[in-house]
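Biologist: Hi! Could you walk me through this protein, one question at a time?

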Amino acid sequence: MLRPFLPRSPPSPSAASPEPPSLLSLLRRCGDLRQLRGTLGFMVPRGLDRDNFLLRHFIGRCFSLGLSDYAIAVFARKADPDLRLYNSVIRALPDAGSAEMAVRLFGGIRASGLRPDSYSLPFALRAAVRLSAIEVGKQIHCQSVGIGLESDAHVATALVRMYGSCGCVPDARKVFDALNTGCVALWNAMIAGYAKAGCLESARELFERMPERNLISWTAVIGGYAEWSRPSEAIEAFKRMLLEGIEPDEVSMLAALSACAQLGALALGEWINSYVDRRGLNRTVQLNNALIDTFAKLGDIGKALQVFEGMTERSVVSWTTVIAGLAIHGMGREALQMFSRMESAKIKPNEITFTAVLSACSHSGMAKLGRGFFTVMPSRYGIDLKIEQYGCMVDLLGRGGYLQEAEQLVKSMPFEANAAIWGSLLAASNIYGDPDLGERALQQLMRLEPENSGNFSLLSNIYAGLGRWNESGSIRKAMRTICTEKMPGKSSIELNNQVHEFAAEDWSNHPVDVINEVLHAINGQMRADGGPDEFT
């Protein structure tokens, strides 16, 4: 498609050839398609385009500037590309969104009479991962066996990574066990595969057996715990990493911040923030976004705003995160002012932004504004309404007391309502004492999440609030009949940089005697100050 732009003049053997370093320097200064065309126009008449080394650097520059179509067109004109040129193009294609072409090009290596090497195979396997094409990966694995490279450390690591990424952990382990080497990259790939699949005990067991660890090893474990909602272990691993003298990078800090937000570890989030400043590390947009999210979720919206205002570059995620943070703190008007600033900055909102905006309206009782945003999303912003936006709108209407309108919206939406939406209706019926709506919502919730005892409790409370004790008792009886147990509540508190979790009636991990002693002391002090006779 870009071939008309390529020079067609024949090579001139007599033309003087510049020294390769001069041409490489010229390539590094190329910044757009026009300059690249000019450089190629210089190369072709002198036969320099037939030099695989020079052409490899030329094509690499095309890819680095995002001109993948032009790079592919230039490569297609090469009569006899060598293996290193093939490898360079196969390596670059997945990042350019052409993983399928990379796989096809890998197949062309042998068709050209060449033999894939320990670079070709990992590059092709990476393309298979991008495509989530396990069968393609298995075919490449077979080729590695036929070539005799399945025991190469680079190839084996790529195979483990491919199988792990595609969820085939047993196959990854077979490759790992077959090699039986201390290669850190191989061990890291296997640990990452376990972590991705949620096999965290296996990941930790392998991690503890590693003959040598690096930052990537630690990050795989920390990230696995954070991803699978085990923040305590994630933070414990992060702190242990620091004690062993391993300095965190952006990826490990992002994983730790995710765990902080889940667990409520504000002190560690603040430490990461100050660590970035002390070390003079690059505050990437992604890292700042994670800090904003963490501080907002941990209750320090002021710190979240401070990080946001200090950013020199902001993405749509930055704006959306701070709007969502303001919304959960009940600062609906401030959230909408932030949305206006976002539009003034010419940042186009996406559907997640509008979920945050609708949430802000819901938490601040601004039903009219919420209706307006919900109505203009498709027409003004070109955003199709999804179930998340419908869910926010139902919640907004329910909180505002517009129960009939909320139920009608549920019936008219082009999706099947999920448990969260019916739960919003049930909660609204509890607030405004509408048992009929509560019964209809509970019927749906019994179908969607029969194990959730909280739904039964809400309807029972509605009847109790109206003095309808027989109906309330019937709901409680129904709970016992279907063996639905109420899940114990949990809370956490951060003390001396350590987060302690408590569950109702669970004293297994806490000093009961000390807690009771303090409780009795508080009780005595309250009675001495004229408070209630008993503190429970």
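Modeller: Sure, here is a chat about helices, loops and a few single residues.

Biologist: Before the details, how many helices and strands are there in the protein?
Modeller: One thing first: this is a predicted model. Buried residues make up 42% of its 536 residues, and residues 24 or more positions apart account for 60% of the contacts with a separation of 6 or more. As for the count you asked about, the protein has 29 helices and two strands.

Biologist: At what angle do helix 2 and helix 3 pack, and does that count as parallel or antiparallel?
Modeller: Helix 2 covers residues 33-43 and helix 3 covers residues 52-64, and their axes are 11 Å apart. The angle is about 170°. Anything over 145 degrees counts as roughly antiparallel, so helix 2 and helix 3 are roughly antiparallel to each other.

Biologist: Which residues make that contact, and how do they divide by class?
Modeller: From helix 2 we have L36, T39, L40 and M43. They meet L54, F58, R61 and C62 in helix 3. By class, that gives six nonpolar, one polar and one charged.

Biologist: C62 is a cysteine, so how many disulfides does the count come to?
Modeller: A disulfide needs two cysteine sulfur atoms within 2.5 Å. The sulfur of C30 has its closest cysteine sulfur in C62, but at 8.5 Å that is too far for a bond. The count comes to zero disulfides.

Biologist: Is C30 buried or exposed?
Modeller: The cut-off to remember is that buried means under 20% relative accessible area. C30 has a relative accessible area of 2%. C199, with 30%, is partly exposed, whereas C30 is buried.

Biologist: How many residues of helix 5 are buried, and which helices do they pack against?
Modeller: Helix 5 runs over residues 83-92 and is mostly covered, with seven of its ten residues buried. Those residues are L83, L85, Y86, N87, V89, I90 and A92. They pack against helix 3, helix 4, helix 6 and helix 7.

Biologist: Helix 6 and helix 7 also pack on each other; what is the handedness of their crossing?
Modeller: Their axes are 8 Å apart, at an angle of about 150°. A99, E100, A102, V103, F106 and I109 in helix 6 meet S120, L121, A124, A127, R130 and L131 in helix 7. By class, this contact has nine nonpolar, one polar and two charged residues. The crossing is left-handed.

Biologist: What is odd about phi in S132, and what is its value?
Modeller: S132 sits in the loop between helix 7 and helix 8. At 57% relative accessibility, S132 counts as exposed. The odd part is that phi is positive in a residue other than glycine, with a value near 55°.

Biologist: Where does S229 lie?
Modeller: S229 also has a positive phi, about 55°, although it is not a glycine. Its relative accessible area is 55%, and S229 is exposed. Its place is the loop between helix 13 and helix 14.

Biologist: How do helix 12 and helix 13 run relative to each other, roughly parallel or roughly antiparallel?
Modeller: Their axes come within 10 Å and cross at roughly 160°. The contact is made by L200, R204 and F207 of helix 12 and S217, W218, V221, G224 and Y225 of helix 13. By class, that is five nonpolar, two polar and one charged. With that crossing angle, helix 12 and helix 13 are roughly antiparallel.

Biologist: How far apart are the C-alpha atoms of K239 and L268?
Modeller: K239 lies in helix 14, which spans residues 231-243. With a relative accessible area of 31%, K239 is partly exposed. L268 is 29 residues away along the chain, and the C-alpha separation is 9.4 Å.

Biologist: Last one: which residues is N288 in contact with, leaving aside neighbours within four places in sequence?
Modeller: N288 lies in helix 17, residues 285-297. Its relative accessibility is 5%, so N288 counts as buried. With those neighbours left aside, its contacts are R283, V307 and M311.

Methods: Residues are numbered from 1 along each chain as its sequence is written. This is a predicted model: local features need pLDDT of at least 70, side-chain atom pairs count only at pLDDT 80 or more; totals for chains, interfaces and linings use all residues. Side-chain values use heavy atoms; hydrogens and water are left out. Buried means under 20% relative accessible area, exposed over 50%, partly exposed in between (1.4 Å probe, protein chains only). Helices (H or I, at least four residues) and strands (E, at least two) are DSSP runs, numbered from the N terminus. Axes are lines fitted to C-alpha atoms, for helices over the stretch in contact, and angles run from 0 to 180 degrees between N-to-C directions. Angles under 35 degrees count as roughly parallel, over 145 as roughly antiparallel, 65 to 115 as roughly perpendicular and the rest as oblique. Contact means heavy atoms within 4.5 Å. Ala, Val, Leu, Ile, Met, Phe, Trp, Tyr, Cys and Pro count as nonpolar, Asp, Glu, Lys and Arg as charged, and the others, Gly among them, as polar. A crossing is left-handed if the near helix is turned anticlockwise from the far one by less than a right angle, and right-handed if clockwise.
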